[in-house]
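Please open the model in your viewer and keep the selection panel at hand. The tour goes from one selection to the next, with a word on what is to be found at each stop.

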Amino acid sequence: MASELLPAVLLISVASLAGLAAGARASGVAIYWGQNGNEGTLAQTCASGNYKFVNVAFLYTFGKGQTPLLNLAGHCDPASDGCTGVGADVRSCQRLGIKVMLSIGGGGGSYGLSSRADARLVARYLWENYLGGTSASRPLGDAVLDGVDFDIESGGSAHWDELARS
């Protein structure tokens, strides 16, 4: 009797694995965009159909009393309000169902959090300038990003949980 059940069990197992594999593809792929001026625009990246999440990289300076700085190497200059046009690309991606996140940190930045209060200040900055806030100096224009990706490679380990909660 056990030998009669073996083909049915194998068939169910193969069907289950095929379903898992299909689900894995459907869950999507994430990419970092913004550090290679030759990678095309954000809208082109999203239109490729290859990604479910795009992390705009990087807000590489923040916390510890520093003025936050965004680096989109080769794409635009946030210091001169030159990245506000990226907002249209963000909205284009979102219309395609792609989540666009701001990636903070990275490998070459100057960032860290000196206290819980500092973490809350950074959270407020992120909200006002990239998420649902209303700052007049939003680096990506009026686009509202879908969230924040923590790519913390340095800067110590203290207070990141407070930043995430805030």
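**First stop: helix 4 and its charged side chains**

Begin by selecting Arg-124 and Glu-128, which both lie in helix 4, four residues apart, or about one turn of the helix. This is a predicted model, and the distances given along the way are computed from it. An α-helix has 3.6 residues a turn, so residues three or four places apart point the same way. Show the two side chains as sticks, and you will find a salt bridge between Arg-124 and Glu-128, with the closest N and O atoms 3.0 Å apart. Glu-128 is buried, with a relative accessible area of 18%, which falls under the 20% cut-off for that term.

Staying with charged groups, add Arg-116, Arg-120, Asp-161, Glu-162 and Arg-165, which are joined into one network by salt bridges that share partners. Within this group, look at the side chains of Glu-162 and Arg-116, which meet in a salt bridge at 3.0 Å, N to O. Glu-162 lies in helix 5 (residues 160–165) and Arg-116 in helix 4, so the pair ties together parts that are 46 residues apart in sequence. The two partners can also be compared by accessibility: Glu-162 is buried, with a relative accessible area of 7%, while Arg-116 is partly exposed at 47%.

**Second stop: Arg-138**

Now select Arg-138, in the loop between helix 4 and strand 6 (147–152). What is the nearest side chain of opposite charge to Arg-138, which is buried yet has no salt bridge? That side chain belongs to Glu-128, 6.1 Å away. The backbone of Glu-128 is worth displaying as well, for the side chain of Arg-138 reaches the backbone oxygen of Glu-128 at 2.9 Å. If you show the surroundings, Arg-138 touches several further residues, among them Thr-84, Trp-127, Tyr-130 and Val-144.

**Third stop: helix 3**

From the loop between helix 4 and strand 6, move to Asp-142 and select Arg-91 with it, since the two side chains meet in a salt bridge (2.7 Å, N to O). Arg-91 lies in helix 3 and Asp-142 in that loop, so the pair ties together parts that are 51 residues apart in sequence. Arg-91 is partly exposed, with a relative accessible area of 33%, whereas Asp-142 counts as exposed at 58%. A search of the whole structure finds six salt bridges.

Next, colour the buried residues of helix 3, which are Val-86, Gly-87, Asp-89, Val-90, Ser-92 and Cys-93; they pack against strand 1 (30–33), helix 2 (42–47) and strand 4 (99–106). Centre the view on Asp-89, which is buried yet has no salt bridge, the nearest side chain of opposite charge being that of Arg-95, 7.8 Å away. The side chain of Asp-89 reaches the backbone nitrogen of Ala-43 at 3.3 Å, and the contacts of Asp-89 also include Thr-41 and Leu-42. Just after helix 3, Gly-97 takes a positive phi of about 85°.

**Last stop: the largest pocket**

Finally, select Pro-68, Pro-78, Ala-79, Tyr-125 and Pro-139, which lie nearest the centre of the largest pocket among its 14 lining residues. The volume of this pocket is about 210 Å³. Which element gives the most to the lining of the largest pocket? Helix 4 does, with three residues, and strand 3 (69–70) and helix 4 (116–130) each supply at least two.

How values were computed: Residues numbered from 1 in each chain as written. Predicted model: local features only at pLDDT ≥ 70, side-chain atom pairs only at ≥ 80, totals over all residues. Heavy atoms only, no water. Buried < 20%, exposed > 50% of the residue type's maximum accessible area, 1.4 Å probe, protein only. Lys, Arg positive; Asp, Glu negative; His and termini not counted. Salt bridge = Lys/Arg side-chain N within 4 Å of Asp/Glu carboxyl O. Polar contact = N/O pair within 3.5 Å; in protein donor to acceptor, adjacent residues only side chain to side chain. Contact = heavy atoms within 4.5 Å. 1 Å grid on protein atoms, 1.4 Å probe; cavity = no way out; pocket = protein on both sides within 12 Å on 5 of 7 lines; lining within 4 Å. Points joined across faces, edges and corners; volume = space filled by probe spheres on them.
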